[in-house]
Number of protein chains: 2
Amino acid sequence: MLPDLNRLKVFYHVYSLQSMNMAAKNLHLTQPGVSQHIKKLEVEIKTDLFIRRHKKIIPTRAADQLFDMVKPFIETIDSKIKNISRPMNQPYGLLRIGAPLEFGKTYFPAICHAFREKYNQVTFKIKLEEPDRLLDMLNMGLLDFVVIDYFSAKDQFFGRPEHCQIDLLTEEIFVLASSKEYFENKMKKKTSFEMLVSMDFITDEHEPVILKHWFWHYFKKSIPSVNIIMAIESHQALLNCVRLGMGLAITAEHLIWNEIETGEIIPIFPTKKKVINKISLVQLRDKKPTLTEETFQAFLKKQIKAKKIPRKPA
Amino acid sequence: MLPDLNRLKVFYHVYSLQSMNMAAKNLHLTQPGVSQHIKKLEVEIKTDLFIRRHKKIIPTRAADQLFDMVKPFIETIDSKIKNISRPMNQPYGLLRIGAPLEFGKTYFPAICHAFREKYNQVTFKIKLEEPDRLLDMLNMGLLDFVVIDYFSAKDQFFGRPEHCQIDLLTEEIFVLASSKEYFENKMKKKTSFEMLVSMDFITDEHEPVILKHWFWHYFKKSIPSVNIIMAIESHQALLNCVRLGMGLAITAEHLIWNEIETGEIIPIFPTKKKVINKISLVQLRDKKPTLTEETFQAFLKKQIKAKKIPRKPA
DNA sequence: TATATTGAATAACTATTGATTATGCTACCT
DNA sequence: AGGTAGCATAATCAATAGTTATTCAATATA
């Protein structure tokens with residue numbers, strides 16, 4: 001049975017100083033207190049630790065052994081704990097961050113690289129997943145914080161919002177994109193509900209929900225099913241499909257700014273009120289962020305603001 | 001400041017089980033008890049260790065770190081302490097033994113070697129010194145037990161006999177040895193006090209005291225000074241000096257049995273009552289010997305008895 | 001929608017333990 | 001002898017650890 005660990009601390013001092021009196025002073029207690037501690041420890045481990053002699057104590061072999069095993073622990077633990085409770089004033093260590101697939105792929109490499117040029121003690125573990133998976137992992141304590149995107153409608157937020165602190169990082173506009181040819185030939189430039197639901201659609205797999213949301217947003221009607229002719233994991237591929245005129249797909253406006261300018265791709269906005277996708281930083285409300293987390297988050301926000309992500313057209 | 005170490009034990013269980021309830025059962029306490037321990041630990045190290053959620057607790061990064069540092073200690077200490085308090089049923093480890101120069105040199109190599117053939121986990125550190133130095137080291141806890149020789153007169157025992165447990169191992173007879181030539185030519189075969197004090201003496205350095213004792217034993221007279229013509233550290237050398245007829249020296253009778261038989265060396269006994277040198281095993285009275293010590297001591301006694309050390313002539 | 005259940009937090013109480021003072025012991029030193 | 005230093009012991013008091021009872025919040029279940 002494990003002895004009272006606090007007595008081991010007392011023992012450590014008594015042994016190192018070879019004196020109960022000294023140990024008492026060191027530990028800010030009185031000599032009888034120390035004496036009793038040692039005695040009880042001896043009873044607990046059923047072994048004598050010191051032979052008591054006039055004005056001195058002689059450690060036994062058992063004491064030698066006990067000291068050898070206790071010493072490294074006692075001597076390191078306080079400094080180590082100081083590092084936990086009062087982390088160094090430099091960010092360091094592993095940051096476990098979750099991010100949406102597109103956003104993470106596009107922006108995190110550059111941002112993390114820039115951050116590490118300033119704080120080279122920080123390492124990253126970036127998890128690219130869907131928002132609800134990320135929120136789950138956040139709730140399990142597997143991630144320090146996550147970046148998620150969710151539509152402006154509040155009910156789309158799957159997590160347990162009451163536990164989460166959400167900071168808006170930036171917004172992007174979701175558009176239904178069509179190639180110029182497709183828009184002119186297949187749709188005859190019409191954007192009515194009836195026309196739209198009969199078209200061909202391309203999604204990047206995981207979220208046909210975004211399509212439904214788009215329709216609901218503009219027409220306040222549920223669509224039971226749409227004609228998804230292709231679901232492909234890569235958003236790059238999805239855009240290529242649109243360019244080829246395979247059909248319609250929802251994407252972020254800023255990803256196709258140039259092609260909208262040149263008129264190669266047509267963004268379809270049935271009404272003025274656009275679908276906004278909010279990209280936000282989410283962390284557990286009742287966990288106070290570490291210095292490293294705070295620093296990175298501030299850096300992230302600054303970068304996004306400075307670089308105007310998503311970029312406005314010139 | 002070092003936290004209450006016992007709380008670390010509680011923390012260890014809570015973290016490993018990811019549950020306060022389970023930890024409570026494991027530690028034989030109730031759930032609120034564990035809950036309070038963790039809370040106090042968090043205050044002590046000024047860091048949250050768990051985020052409390054419904055029916056589960058989520059360890060923070062700080063908890064991860066704390067666990068990593070506490071785990072090896074907690075997991076090893078109890079097994080290690082078991083080895084201290086209830087040593088294995090096999091003798092093992094280092095035996096630190098003190099022995100008189102002659103006795104140690106002559107008998108310990110063979111005895112230790114034989115012992116190690118049976119118990120190969122035992123190692124030795126043999127200190128060959130004068131009795132009072134050995135007893136000092138015993139009292140300082142630097143030796144586990146010592147073998148010393150002391151004359152039959154009790155007042156020769158220098159140590160603090162009240163602290164020591166003394167077991168007689170064997171006895172040897174001290175003789176004043178002379179070569180046949182020296183005895184016949186220089187001493188004219190006389191062994192009177194007057195004749196003896198005027199002779200040349202050889203000692204093995206450290207103990208002219210033995211000479212004084214010898215005179216006191218046989219003549220009840222103090223000798224202020226004797227003519228020590230040679231003091232040499234090696235007892236072998238001392239005997240050679242005697243053989244060469246340089247003078248008289250005190251030695252153990254059994255070392256010169258053969259030469260006494262052949263008449264080459266004359267043992268001088270002024271009276272019948274011989275000077276007995278007791279070879280004893282001494283250990284601290286209030287230290288209970290370990291299994292290893294006990295085993296070796298028993299072995300030592302058996303060897304000395306079996307081999308009849310010192311050997312009687314055939 | 002109510003109800004039960006589970007795991008943790010909190011409060012209040014009690015039993016244990018820890019720390020203190022006072023005292024005694026013993027070897028050692030003048 | 002008398003004084004002293006270091007530890008042990010006893011008695012007391014304070015602190016704290018552990019208990020029961022209760023509350024709370026999020027699930028699961030009817």
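These exercises, each with a worked solution, deal with a predicted model of chains A and B with DNA strands C and D.

Residues are numbered from 1 along each chain as its sequence is written, while chains are lettered from A and ligands numbered from 1 in the order in which they are written. Because the model is predicted, local features need pLDDT of at least 70 and side-chain atom pairs count only at pLDDT 80 or more, whereas totals for chains, interfaces and linings use all residues.

**Exercise 1. The contact of the two chains**

Find how many residues each chain brings to the contact, and which elements of chain A take part.

*Solution.*
- Start with the rule: two residues are in contact if their C-beta atoms, placed from the backbone, lie within 7 Å.
- Now count. Chain A brings 33 residues and chain B brings 34 residues.
- Next, look at the elements. Helices (H or I, at least four residues) and strands (E, at least two) are DSSP runs, numbered from the N terminus.
- On the side of chain A that touches chain B, helix 1 (5-17), strand 2 (56-59) and helix 4 (61-85) of chain A each supply at least two residues.
- Helix 4 of chain A gives the most to this side, with 12 residues.
- Last, sort by class. Ala, Val, Leu, Ile, Met, Phe, Trp, Tyr, Cys and Pro count as nonpolar, Asp, Glu, Lys and Arg as charged, and the others, Gly among them, as polar.
- The side of chain A that touches chain B has 17 nonpolar, seven polar and nine charged residues.

**Exercise 2. A pair of helices**

Describe how helix 1 of chain A packs with helix 1 of chain B.

*Solution.*
- Two packed helices are described by the angle between their axes and the distance between the axes.
- Axes are lines fitted to C-alpha atoms, for helices over the stretch in contact, and angles run from 0 to 180 degrees between N-to-C directions.
- For helix 1 of chain A and helix 1 of chain B, the angle is about 140° and the axes are 6 Å apart.
- Compare the cut-offs: under 35 degrees is roughly parallel, over 145 roughly antiparallel, 65 to 115 roughly perpendicular, and the rest oblique.
- Helix 1 of chain A and helix 1 of chain B are therefore oblique to each other.
- Name the residues. Helix 1 of chain A uses A:Leu5, A:Asn6, A:Leu8 and A:Lys9, and helix 1 of chain B uses B:Leu5, B:Asn6, B:Leu8 and B:Lys9.
- By class, this contact has four nonpolar, two polar and two charged residues.

**Exercise 3. The nonpolar core**

Which residues of the largest nonpolar core touch the most other members?

*Solution.*
- A residue is buried if 20 or more other C-beta atoms lie within 10 Å of its own, exposed if 12 or fewer, and partly exposed in between; C-beta atoms are placed from the backbone.
- A nonpolar core is a set of buried Ala, Val, Leu, Ile, Met, Phe, Trp, Tyr and Cys residues joined through C-beta atoms within 7 Å.
- The largest core has 42 residues, and A:Phe11, A:Ile38, B:Phe11 and B:Ile38 touch the most other members.
- Helix 1, helix 2 (20-27), helix 3 (31-44) and helix 4 of both chain A and chain B give two or more residues to this core.
- Take B:Ile38. Not counting residues up to four places away in sequence, B:Ile38 touches B:Val10, B:Phe11, B:Val14, B:Met20, B:Leu49 and B:Phe50.

**Exercise 4. The two DNA strands**

Find which residues come nearest to DNA strand C, and which are closest to DNA strand D.

*Solution.*
- A residue is near a strand if its C-beta atom, placed from the backbone, lies within 6 Å of it.
- Around DNA strand C there are 19 residues; A:Leu29, A:His54, B:Asn21, B:Pro32 and B:Ser35 come nearest.
- Helix 3 of chain B gives the most to this surface, with five residues.
- The surface near DNA strand C has five nonpolar, nine polar and five charged residues.
- DNA strand D is surrounded by 21 residues, and the closest are A:Asn21, A:Pro32, A:Ser35, B:Leu29 and B:His54.
- The surface near DNA strand D has five nonpolar, 10 polar and six charged residues.

**Exercise 5. Lysine 46 in each chain**

Are A:Lys46 and B:Lys46 buried or exposed?

*Solution.*
- A:Lys46 is in the loop between helix 3 and strand 1 (50-53) of chain A.
- A:Lys46 has 12 other C-beta atoms within 10 Å, so A:Lys46 is exposed.
- B:Lys46 is in the loop between helix 3 and strand 1 (50-53) of chain B.
- B:Lys46 has 12 C-beta neighbours inside 10 Å, so B:Lys46 counts as exposed.
- Now check phi. Most residues other than glycine have a negative phi.
- Phi of A:Lys46 is positive, near 55°, and phi of B:Lys46 is positive, about 55°.
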